[in-house]
Amino acid sequence: MQIGVLGSGDVGRALGRGWARHGHRIVLGTGDPGRPELKEWAEDTGQQVAGFGEAVRDAELVALALRGSATLAVLEQVGPERFAGKVVVDATNPLRFEGGRPGLFVGHTDSLGEQVQRALPEARVVKAYNTVGNALMVDPQLPGGPPTMFLAGDDAEAKQTVVDLLAATGWDSADLGDISAARALEPMCLAWVRYGATAGTWGHAFKLLR
Ligand SMILES: NC(=O)c1ccc[n+]([C@@H]2O[C@H](COP(=O)([O-])OP(=O)(O)OC[C@H]3O[C@@H](n4cnc5c(N)ncnc54)[C@H](OP(=O)(O)O)[C@@H]3O)[C@@H](O)[C@H]2O)c1
């Protein structure tokens, strides 16, 4: 699959590198394609680094790996019409830090996932990959077996594309329904972070037993 990943932080680089290992073609989109560490990433992975718009252009699937607070501005900058018909995997979290503790800048009655879907009305947004650390996003190896990726979105076919991608890269998945379930998914990142901070370990992931 041709995949555009927007954001070249830890998440964008980890997803791009991991998915490339599975044979997908990646364009890592960034606000600053000239950065030396991104040139290194491109040489290392054999994939491309480009501006945000170019990463979206030919992508069948676009992954959002942007800082939560910058996400809507980047989408506006690229142009919502350029996402029409595409599967958009939203891995972002609306994180903000207050008094040294992580919190969310939107929640309960709305979510960043819903804001992304409203900003990209013709895209098929799937909230996923936001409830686990970047080191485990592709091919997680855990003593308890494959962890569960929770996901949400309005388009069944788009969710199936993401479920298939997850299954091919070491994940079980659990569909929470339409995109409003992002209201439940985004706070899960706080549980993941608070457990890590308390236990002093970051190699954990959620698993749904059923
Ligand atoms: N870190 C994790 O393990 C993890 C796990 C699950 C979910 N998440 C979520 O996934 C997203 C990405 O995480 P990350 O740790 O990779 O985030 P990050 O390093 O904080 O930011 C990712 C990218 O967002 C872009 N960005 C940041 N501020 C911007 C601004 N003012 N204007 C335009 N672009 C801006 C930058 O892209 P360029 O540098 O390419 O220009 C930056 O590299 C976040 O929403 C995070 O909450 C993170």
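**Close-up views of aromatic pairs, ligand site and Thr148**

**View 1. Trp192 counts as buried, with a relative accessibility of 10%.** The model shown is predicted. The assignment of Trp192 follows because 10% falls under the 20% limit for buried residues. Trp202 has a relative accessibility of 46% and therefore counts as partly exposed, this class lying between the 20% limit and the 50% above which a residue is exposed.

**View 2. Trp19 and Tyr129 form an edge-to-face aromatic pair.** The structure holds two aromatic pairs. In the pair of Trp19 and Tyr129, the ring centres are 5.6 Å apart and the planes meet at 85°; the pair is edge-to-face because this angle is over the 60 degrees required. Trp19 belongs to helix α1 (residues 10–21), whereas Tyr129 is found in the loop between β8 (124–127) and β9 (148–153), so the pair ties together parts that are 110 residues apart in sequence. Trp19 and Tyr129 are both buried.

**View 3. Trp192 and Trp202 form a tilted aromatic pair.** The centre-to-centre distance is 5.6 Å and the angle between the planes is 50°. Distant parts of the chain are linked by this pair: Trp192 lies in helix α7 (residues 182–199) and Trp202 in the segment after α7, with their positions 10 residues apart in sequence. Of the two partners, Trp192 counts as buried and Trp202 as partly exposed.

**View 4. The ligand takes up the space of the largest pocket.** The ligand is surrounded by 25 residues, the closest being Ser8, Thr30, Gly31, Leu66 and Asn134. Oxygen atoms of the ligand take part in several polar contacts. One such contact, at 3.0 Å, is with an N or O atom in the side chain of Arg67. A backbone N or O atom of Asp10 lies 3.2 Å from a ligand oxygen atom, and a backbone N or O atom of Ala91 is found 3.3 Å from an oxygen atom of the ligand. The ligand taken alone exposes 880 Å², and the protein buries 71% of that area.

**View 5. The side chain of Thr148 contacts the backbone nitrogen of Leu208.** The contact spans 2.9 Å. Thr148 is part of strand β9. With a relative accessible area of 1%, Thr148 is buried, because this value is under the 20% limit.

Definitions and conventions
Residues are numbered from 1 along each chain as its sequence is written. This is a predicted model: local features need pLDDT of at least 70, side-chain atom pairs count only at pLDDT 80 or more; totals for chains, interfaces and linings use all residues. Side-chain values use heavy atoms; hydrogens and water are left out. Rings of Phe, Tyr and Trp (its six-membered ring) pair if their centres lie within 6.5 Å; planes under 30 degrees apart count as stacked, over 60 as edge-to-face and the rest as tilted. Helices (H or I, at least four residues) and strands (E, at least two) are DSSP runs, numbered from the N terminus. Buried means under 20% relative accessible area, exposed over 50%, partly exposed in between (1.4 Å probe, protein chains only). A residue is near a molecule or strand if one of its heavy atoms lies within 4 Å of it. A polar contact is a pair of N or O atoms within 3.5 Å; within protein, one must be able to donate a hydrogen and the other to accept it, and residues adjacent in sequence count only if both atoms are side-chain atoms. Accessible areas come from the Shrake-Rupley method with a 1.4 Å probe; for residues, only the protein chains shown count as cover. On a 1 Å grid over the protein atoms alone, a cavity is a set of points where a 1.4 Å probe fits but cannot get out, and a pocket is an open set with protein on both sides within 12 Å along at least five of seven lines; lining residues have an atom within 4 Å of a point. A molecule sits in a cavity or pocket if more than half of its atoms lie within 2 Å of its grid points.
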